[in-house]
Structure formats: C-alpha cells, structure tokens
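User: I'm new to this one and would like a close look at a single part, then a walk through its surroundings. Here is what I have in front of me.

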Amino acid sequence: MNKYFIKGIAVSAIAFSAISCNHDLWNQRNDTTNQDVAEFQANFKNTVMGNHDIDAQQTWNTAVTTTITLTSAKSGTLKIYPKDPAQGSTIAALYTSTINSGETKTFVIAKPQDATVLYATILDADNYIIDNLAFDASEKEITTAFYTTPASARKLLARRTIQPIFQFPEDADDSKFLNAVPAGISKYNGGYASGISYLDGSWQGEVNIWGAYDGSKTTGGTLYISGQNRFLDRKFYVAPNTDIYLVEGAVLVLSAANASDLQGGCNIYVAPTAKITTPDGAELVLNNGLKLYNHGIIDPGKMSINNNSMLYNKNEVTVRGELSTENGNSVIVNDGTMTATRLHTAGSSHVENNGTMTISGNTDIDSNNNTWVNNGQYTTDYFYYTAGSCDVINNCKLTVKELFKINLGDTDKNGFKMDADGGVVTKNFEAAGPSHIFMGAESVFEVTETATMNITKDLYGIYGPETGNKAVFHAKKIVNGADNPNQGFVANYFGQLIVAYDESHFAQGYSDKSAEQQANGEIGVQPYYHIGEGAVVEQTQNIKTSVASSTCNPGFNGGGEEKVEPKQYIYFAFEDLGTSDDFDFNDVVVRVSYPDENNRSTVELCAIGGTLPVTVFCDNIQLGQEVHNYGEFGDNTKNKKNVPIATLSEITVPVGTTVADLNINIQVTRTNGQVVTIGAPAAGSTPFRVAVNGDENGKWFWSTERNNISNAYPQFGLWGADMTTNPDWYKSPSNSGVFRW
C-alpha cells in the first residue's frame with residue numbers, strides 16, 4: 001500500500017501507476033454520457049488529429065519515468081537539469097539531493113520525453129557550480145559518473161613560481177649619468193685608435209674611433225657627447241668596448257647606416273634630457289653585448305636588441321616602429337616609459353617592464369626560451385603568446401585592447417603566470433592548443449567581450465592558487481572554439497578559481513562526438529570542459545565574491561544576487577465534457593511540483609475554464625475543495641487571474657515513483673446530475689487529460705477558451721499520431737491562442 005501524506009494526515013490508497021488506474025476512467029456513466037464521449041472521440045480525431053489515428057503507444061504524457069544511477073566526484077547538492085545550467089539562464093531542476101564525494105546514488109525522475117541529454121550538476125553552499133556532467137538520457141535506465149581529474153593535474157600547481165629563472169640586471173650607477181663633460185677632456189678632432197675625447201656639435205667631419213687590439217680584445221676608449229650632433233650624411237663609428245656618455249642636453253642623431261653599425265661591448269649612458277634619435281624607418285641596433293642605459297630619451301624609427309645586448313630604460317623610449325629582441329640572452333628592462341608599434345621577443349631574449357610600456361600593435365612572444373615579466377603597466381593591442389616559454393609572468397597590470405591569444409608547446413612547464421592581486425584586462429581571449437594560465441590569489445583575468453576556449457587535452461586550462469583566496473577569470477561570454485571532433489578538451493578549470501560569465505558559458509558536450517551525434521543523444525568519454533577540485537563556474541550576477549581594484553588589479557564585483565531557481569512541474573490539463581466539441585484542455589488545469597529532497601510536492605490549481613462543478617483527486621483522495629470555491633467563475637485565460645489560483649494540497653510522492661506517475665484525476669458533476677471521474681487515458685485512446693512538462697522555467701501555457709489545443713500547439717496532433725516525433729510540442733505555442741503568464 002502506498003501512502004499519501006496530505007497536509008500532515010496519512011491516508012491509505014491503493015497502489016497505482018499512470019496505466020494501472022486507467023481501465024475505469026468513467027464512473028456512473030449513462031446513455032447521455034456515452035453518447036457525448038463517442039461524439040468527443042469522433043470530433044477529436046477529425047479536429048485535433050487531422051483524421052489521423054492515435055499512436056497505439058500514446059499515453060498523452062510528455063514525461064518518461066527514468067531511473068538514474070550516478071557516482072559523484074565531489075560533495076554538495078546534486079541537481080539534474082534538462083539543459084546545461086552554466087549557460088547563463090536559471091533552469092528548473094528535475095531532481096535535487098545532497099551527495100558526497102565517491103557516493104553512488106540511484107533515483108527516479110520524470111524526464112521530459114524530448115530530452116536526449118541531461119545534465120548532472122554539483123553545487124556548493126553558495127549555489128556555485130563546482131562540477132557539471134552531460135549524460136545520455138535516451139534510455140529509461142541510466143548509469144553514469146562524473147569525470148575525475150587525474151592526480152597529476154594538482155602537481156602542476158606545485159611548480160608554479162612568479163620569479164623568473166633569468167636574473168635581470170640592475171641599472172648603471174648614477175655616477176655614469178653626467179650633467180656636463182668632465183674638465184680636462186679634449187675635443188674630438190679626427191680619428192684615433194683609443195683614448196678620451198668629446199663631441200660638442202662643432203665637429204662637422206666623420207667620427208671614426210677604430211680602436212686598438214690589446215692582445216685579447218679591441219678597445220676604443222671613452223667618448224663624451226654634448227650639444228647637438230647630427231650624423232645623417234656622415235659616418236659615426238666607435239670601436240667595440242667603447243664607453244659613450246651623452247651628458248644632459250646632448251642630442252645624437254644617427255642615420256640608418258650609423259644606427260645599425262654600433263659595435264658590440266660598448267656601454268652607452270644617456271643622461272637626463274639627453275637624446276638619441278634616428279629618422280623614420282631607421283633601425284637602432286644593439287648587438288654583440290652592447291649595453292644602452294637610458295635616463296634621457298631614445299627615439300628611433302625602429303629598434304632591435306640582439307646577441308647579449310641590453311636596453312635599460314629609466315626614463316623614455318619612443319620607438320616609432322617595431323621593437324624586437326632576439327637571441328643570446330638579449331635584455332630589455334623598462335623602469336620608465338616605453339612605446340613601440342610592436343614588441344617581438346624571440347630566441348632566448350628577456351623583457352622586464354617595471355614602469356609603463358605601450359605597444360600600439362602586436363606583442364609577440366614566440367620562443368621556448370623567452371622571458372617576459374610585467375611588474376608595472378603594460379598595454380598592447382594584441383598579445384600573442386606562442387611556442388611555450390616557462391617565464392611569461394604578469395605581476396601587475398596587462399591591458400590588451402583587442403585579443404590575448406595563447407597557444408604553447410606541449411609541456412606542463414609552460415604557462416602565463418599571474419601574481420596574487422595581478423590583473424589582465426583584454427577585449428577578447430583565445431586559448432588554443434596547449435595552454436596554461438596560472439593565477440595567484442585574488443588575481444583577476446577579465447575578458448570584456450568573448451573568451452574562446454579550444455585547448456587540446458585534460459591538464460591544460462586555467463589554474464587558481466592551490467590554497468587561499470580564489471582567483472577570478474571573468475568574461476562577458478565563454479564560447480567553444482573547437483571546430484572538429486576528437487580534438488580533446490576545450491576548457492578546464494582547476495584550483496581555487498572562480499570562472500564568472502556575464503551572459504553565457506558554452507554547453508557541456510563531448511569532443512569525441514560530432515555535433516550530429518550529440519544532437520542524437522550520443523555521449524562520449526571526453527567532456528568539453530572539466531571543473532577541477534576548488535573551482536566554480538557561475539554567472540556574474542549570482543557571485544557574492546568581490547576583489548578590490550588596485551594599481552595592478554581591475555577588481556571584480558559579483559552581482560551578489562541570490563540565485564532563485566524556478567520549480568519544475570507536471571501540468572495535468574482536463575476536459576470536463578461540458579461539450580463534445582471543445583478541445584482547449586483548460587476546463588481544469590492543475591500542476592504538481594517535482595518533489596523536494598523529502599519527496600514533498602505541492603498540488604496547485606492553475607486554471608478553471610469550465611462551469612461544471614469539479615473536485616480534484618489523487619487516486620481516491622480529494623485535494624482541496626470544489627474548484628469554483630477558489631474564486632469567481634471564469635478561467636484565468638479570460639480574467640487574467642494569477643497563477644496559481646490556489647494551493648490545493650501537499651503530498652508525499654511514494655519512493656520509486658515520480659510526479660508523472662501520479663493518478664491525478666477530477667470528478668465532474670454533469671448537468672444531468674451524473675458524476676464522472678476523468679483520469680489518465682489508456683494507451684492509444686482519446687484523452688480527456690494530458691500531462692505536460694513545464695519548460696525550463698517550469699511553465700506551460702494552456703489554450704485560451706474554446707481554442708483547439710492543436711491550434712494553440714500546431715505539433716500536438718502530429719505527436720499524438722506518432723509519439724516518436726515532435727516530443728517537444730509543448731515548448732512551441734502559436735503566437736496567439738495560449739494564456740501566457
């Protein structure tokens with residue numbers, strides 16, 4: 001004996017199912033009733049079914065009772081959804097329960113017939129998504145399990161470091177930056193091998209310090225420069241290992257030939273207000289160990305630092321074209337302001353920004369041995385990080401105006417690293433191929449438009465810190481960039497990480513199945529994305545966490561809204577046979593909520609479209625009063641009453657059954673005084689009751705008064721004739737003819 005607990009009173013009832021109680025739908029039928037039923041059946045076939053026969057298996061119930069056995073990898077609240085809840089809309093769950101890590105749970109749900117894929121989601125105490133699984137829902141008995149991260153994923157966090165392997169040099173001593181030429185130095189008046197001299201702008205000939213060989217190297221002596229010195233149509237050559245001092249106010253203008261012929265081993269010291277410049281297009285080349293220490297202004301057309309050379313900027317470098325550094329531990333250190341149209345780092349070059357660096361075009365990091373460290377404010381139009389250096393580190397603020405793209409070598413040592421409280425702001429982001437991003441506590445990676453995910457295997461992805469406060473990866477929308485199956489994982493989130501999206505996150509799926517296969521409900525073994533231990537995925541408006549903004553950090557403000565999830569229902573819509581040509585199925589509409597964790601459901605009255613006295617029952621147990629006692633006559637399709645009109649009762653759904661199995665029926669007193677009971681139709685028969693799932697918001701819109709249900713829902717009759725087609729008919733009402741609420 002099943003027991004229903006109605007408003008705290010236990011009442012015995014006979015065992016039932018949606019079919020077993022269908023054999024005697026009509027009580028106390030007389031000749032008039034029989035004639036009306038026959039007319040209803042004939043008119044239904046002609047008007048609703050388009051003269052098609054009813055499918056012999058058709059039970060007029062859009063829900064299928066499905067048994068699920070599921071193993072969880074995490075502890076929290078388990079929910080089953082008909083759509084991926086990480087896509088930005090609040091969805092009504094089909095099942096809710098607590099579950100523990102490693103626990104296997106078996107339960108039944110009323111699955112919408114049209115759902116070929118369901119989503120199992122684990123939520124934490126803040127209602128944030130901490131795990132998400134898409135699984136095949138085509139069978140009535142399903143066994144599935146959450147994906148488990150290999151232990152090796154957590155080992156990556158232990159390798160994480162913010163300090164680069166390469167040790168950047170210090171600036172030259174302040175004594176090297178002079179306000180004037182020291183006393184006692186002779187003017188330059190022609191070529192020499194080595195020695196000490198100075199230029200003051202009065203010399204109009206060539207400069208040729210050819211150097212002297214001391215048995216081990218060439219030496220060139222010392223040259224001081226003051227005043228205005230233009231070498232656009234004359235030679236400027238100093239031997240390797242020469243020390244050059246531009247004193248305050250000095251200007252050195254070099255032609256393209258001179259700027260590309262600076263010799264290795266030289267040390268060039270540019271004092272405050274001093275300047276080195278070249279014409280547009282002329283490239284200032286530092287090569288073979290040349291070191292340029294700038295406290296003044298460097299203003300070349302282009303600039304390259306190669307083969308163990310170094311640019312150390314303490315004030316201003318304005319490169320009107322491309323700035324590049326390549327090979328042999330070449331170094332750029334910026335403590336001041338630096339601009340260029342492009343920065344290209346290649347080979348074993350190293351770049352450190354401690355000040356303000358602005359690149360109006362691309363920043364290209366494309367070597368396995370690069371170092372790129374930002375400790376200040378770095379702005380670029382495009383940031384392309386390819387190949388796979390292990391030392392690309394953002395310790396402060398990186399702003400990318402257009403696109404940040406990462407695609408690295410296949411090794412777990414490479415990644416983009418962010419210090420705690422560090423920040424990235426980019427318009428668009430793309431993770432392609434092998435990609436890692438390692439984020440410190442309360443660092444924020446913000447994508448103002450679209451984050452495109454297309455990595456290639458499980459352990460790649462975005463990592464928050466192993467312990468402590470969470471990092472935040474925030475995007476307007478996160479999309480799937482994979483354009484082919486069998487390409488591996490698309491995104492993974494690990495560690496203490498919040499993945500926040502404003503509009504949507506792409507749906508869970510399987511990369512080893514084509515789009516067509518997935519549309520048919522086929523499930524693979526390689527999910528598009530995985531949420532590792534400690535990570536959460538949630539819409540920004542529902543996140544309670546905030547990160548304070550700072551010089552280095554754009555900050556993050558969660559909306560703090562409480563996520564209110566709609567309830568899911570099965571709607572039972574009846575015809576009371578007041579007439580035999582009325583097929584609006586709104587004479588009585590009641591809904592029963594999917595049960596809570598205690599198997600409790602509410603039964604609510606939604607519509608009264610008929611005039612006959614009607615009482616609602618579950619089996620032989622009356623639920624509430626005669627329906628017209630809850631308000632003036634008239635269905636809410638006419639009078640715009642609120643939905644629901646009233647709560648009729650609360651019941652406990654028996655274990656092992658679902659709300660779709662309930663024998664919700666009505667007793668109608670006809671005009672001739674006869675009482676008839678209308679319940680679930682036998683398979684293949686004409687219905688006087690249909691059972692309909694709510695949509696993703698738990699709603700169903702029934703027909704307006706005297707409007708044929710097949711007019712309100714054009715696919716209804718097609719589904720009635722072949723229940724394998726149009727199973728989602730109830731989600732596609734016509735533009736008019738339904739009561740929208």
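In which strand is the place of Thr 277?

Analyst: Before anything else, keep in mind that this is a predicted model. Thr 277 has its place in strand S20, which covers residues 275–277. With a relative accessibility of 11%, Thr 277 counts as buried, because the cut-off for buried is under 20%. So what is packed against Thr 277? If you leave aside the neighbours within four places in sequence, Thr 277 is in contact with Leu 252, Val 253, Leu 254, Asp 299 and Arg 320.

A second strand residue makes a nice companion. Ala 340 is found in strand S29, residues 337–340, and at 4% relative accessibility Ala 340 is buried too. Again leaving aside neighbours within four places, the contacts of Ala 340 are Val 319, Gly 321, Leu 323, Thr 358, Ile 359 and Ser 360. Take Leu 323 from that list: 17 residues separate Leu 323 from Ala 340 in sequence, and their C-alpha atoms are 6.1 Å apart in space.

Now for a helix. H1 takes in residues 31–48, 18 residues in total. From first C-alpha to last, H1 reaches 25 Å, close to the 26 Å expected at 1.5 Å a residue. The buried residues in H1 are Thr 33, Asp 36, Val 37, Phe 40, Phe 44 and Val 48. They cover an arc of only 100 degrees around the axis, so they sit on the same side of H1. The background to that is simple: an α-helix has 3.6 residues a turn, so residues three or four places apart point the same way. And what lies over those buried residues of H1? The cover includes strand S56 (675–678), helix H6 (709–712) and helix H7 (716–721). After H1 comes Gly 50, which has a positive phi, near 60 degrees.

Then there is the empty space. Searching the whole structure turns up six cavities of 30 Å³ or more. The largest cavity holds about 100 Å³, and its lining includes Tyr 81, Pro 85, Tyr 501, Glu 538, Lys 563 and Glu 565. By class, that lining divides into four nonpolar, five polar and three charged residues.

The second largest cavity has a volume of about 60 Å³. Its lining is made of 14 residues, with Ala 431, Met 453, Ile 455, Gly 461 and Ile 462 nearest the centre. Strands S38 (423–433), S39 (436–439), S40 (444–455), S41 (461–463) and S43 (491–494) each give two or more residues to this lining, and S43 gives the most, with three. The classes here are 10 nonpolar, four polar and no charged residues.

Last, a pocket. The second largest pocket has a volume of about 440 Å³. It is lined by 21 residues, and the closest to its centre are Lys 79, Thr 96, Glu 565, Lys 567 and Asp 596. Strands S4 (76–81), S5 (95–99) and S51 (600–608) each supply at least two lining residues, with S51 giving the most, three. In this pocket the lining has seven nonpolar, seven polar and seven charged residues. Glu 565 is worth a second look: Glu 565 is among the residues closest to the centre of this pocket, and Glu 565 also lines the largest cavity.

Note on methods
Residues are numbered from 1 along each chain as its sequence is written. This is a predicted model: local features need pLDDT of at least 70, side-chain atom pairs count only at pLDDT 80 or more; totals for chains, interfaces and linings use all residues. Side-chain values use heavy atoms; hydrogens and water are left out. Helices (H or I, at least four residues) and strands (E, at least two) are DSSP runs, numbered from the N terminus. The expected span of a helix is 1.5 Å times one less than its number of residues. Buried means under 20% relative accessible area, exposed over 50%, partly exposed in between (1.4 Å probe, protein chains only). The arc is that of the directions from the helix axis to the C-beta atoms. Contact means heavy atoms within 4.5 Å. On a 1 Å grid over the protein atoms alone, a cavity is a set of points where a 1.4 Å probe fits but cannot get out, and a pocket is an open set with protein on both sides within 12 Å along at least five of seven lines; lining residues have an atom within 4 Å of a point. Grid points are joined across faces, edges and corners, and a volume is the space filled by probe spheres set on the points. Ala, Val, Leu, Ile, Met, Phe, Trp, Tyr, Cys and Pro count as nonpolar, Asp, Glu, Lys and Arg as charged, and the others, Gly among them, as polar.
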